[in-house]
Amino acid sequence: MTVNSPIIDGQARSAAAEVLRRFIAGQITNDSFEDQVPETDDPAIWAIWDTCWLFYDDFKEHRLDGKYRLSPDLRRQLSRWVLFLDSDLPYQWPQMRFPGRDPRPSTMRNPIKRFLTHDSIHPELTEKFLAAGHYPVWPFVSVKDYKAALAAPKRLSGGRSRKMMETAQ
């Protein structure tokens, strides 16, 4: 899979958007979410599914409710990912593990610490990744693209899309 692949699998993205929406809403379990990843080469789906792994316990089946409930900020963030999956925009970010998580806190300049620390990222990779677009609206690359998608959402409506637009900086 290439980084700037023009692959946009509309059918797989639509299915992925619906599964992610249902997962965020606590309607399906983490196991069901994992089982329903569409078979595709669309890099957007793989980037989002990879990052979603950070938000649930893969040793126990559960829904995103109760102690696993996402914070309002995380729910808005993941809703933006649903919005991207509903778009026809190509995924233009470099390949990176957990791309939906800000890589800056995990960047380590000391090569020995990077080697010994499982959760670290090489500084050059972080710089290349962040240079690809406006990270606060990931997986979109620009605020313009994000706002255009918010103007005509397929799944979000009314106050939720307005509230998301207000937080788009």
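This passage describes aromatic pairs, a charged surface patch and one close approach of the chain in a predicted model. Residues are numbered from 1 along each chain as its sequence is written, and side-chain values rest on heavy atoms, with hydrogens and water left out. Because the model is predicted, local features need pLDDT of at least 70 and side-chain atom pairs count only at pLDDT 80 or more, whereas totals for chains, interfaces and linings use all residues.

Across the whole structure, a search finds 14 aromatic pairs, where rings of Phe, Tyr and Trp (its six-membered ring) pair if their centres lie within 6.5 Å, and planes under 30 degrees apart count as stacked, over 60 as edge-to-face and the rest as tilted. One of these pairs is formed by Phe 23 and Tyr 56, which meet edge-to-face at 5.6 Å centre to centre with 90 degrees between the planes. Phe 23 belongs to helix α1 (residues 10–24) and Tyr 56 to the loop between α3 (43–52) and α4 (72–85), so the pair ties together parts that are 33 residues apart in sequence; helices here are DSSP runs (H or I) of at least four residues, numbered from the N terminus. Phe 23 is buried, with a relative accessible area of 1%, and Tyr 56 is also buried, at 10%, where buried means under 20% relative accessible area, exposed over 50% and partly exposed in between (1.4 Å probe, protein chains only).

The rings of Trp 93 and Tyr 135 likewise form an edge-to-face pair, with centres 6.0 Å apart and planes at 90 degrees. This pair links distant parts of the chain, 42 residues apart, since Trp 93 lies in the loop between α4 and α5 (111–116) and Tyr 135 in the loop between α6 (123–131) and α7 (143–151). Trp 93 counts as buried at 1% relative accessibility, as does Tyr 135 at 11%. In addition, ring pairs link Phe 55, Trp 81, Phe 84, Tyr 91, Trp 138, Phe 140 and Tyr 146 into a cluster.

At the surface, Glu 34, Asp 35, Asp 58 and Glu 61 gather in a patch of negative charge, a patch being made of residues with over 30% relative accessible area and no salt bridge, with like charges joined within 9 Å; a salt bridge is a side-chain nitrogen of Lys or Arg within 4 Å of a carboxyl oxygen of Asp or Glu. Within this patch, Asp 35 lies in helix α2 (residues 30–35) and is exposed, with a relative accessible area of 65%.

Arg 75, in helix α4, counts as partly exposed at 24% relative accessibility. The C-alpha atoms of Arg 75 and Ile 24 are separated by 6.8 Å, although the two residues are 51 residues apart along the chain.

Key
Patches are made of residues with over 30% relative accessible area and no salt bridge: like charges are joined within 9 Å, nonpolar side chains (Val, Leu, Ile, Met, Phe, Trp, Tyr) within 5 Å. Accessible areas come from the Shrake-Rupley method with a 1.4 Å probe; for residues, only the protein chains shown count as cover. Lys and Arg count as positive and Asp and Glu as negative; His and the chain ends are not counted. The place of a charge is taken as NZ of Lys, CZ of Arg, CG of Asp or CD of Glu. Helices (H or I, at least four residues) and strands (E, at least two) are DSSP runs, numbered from the N terminus.
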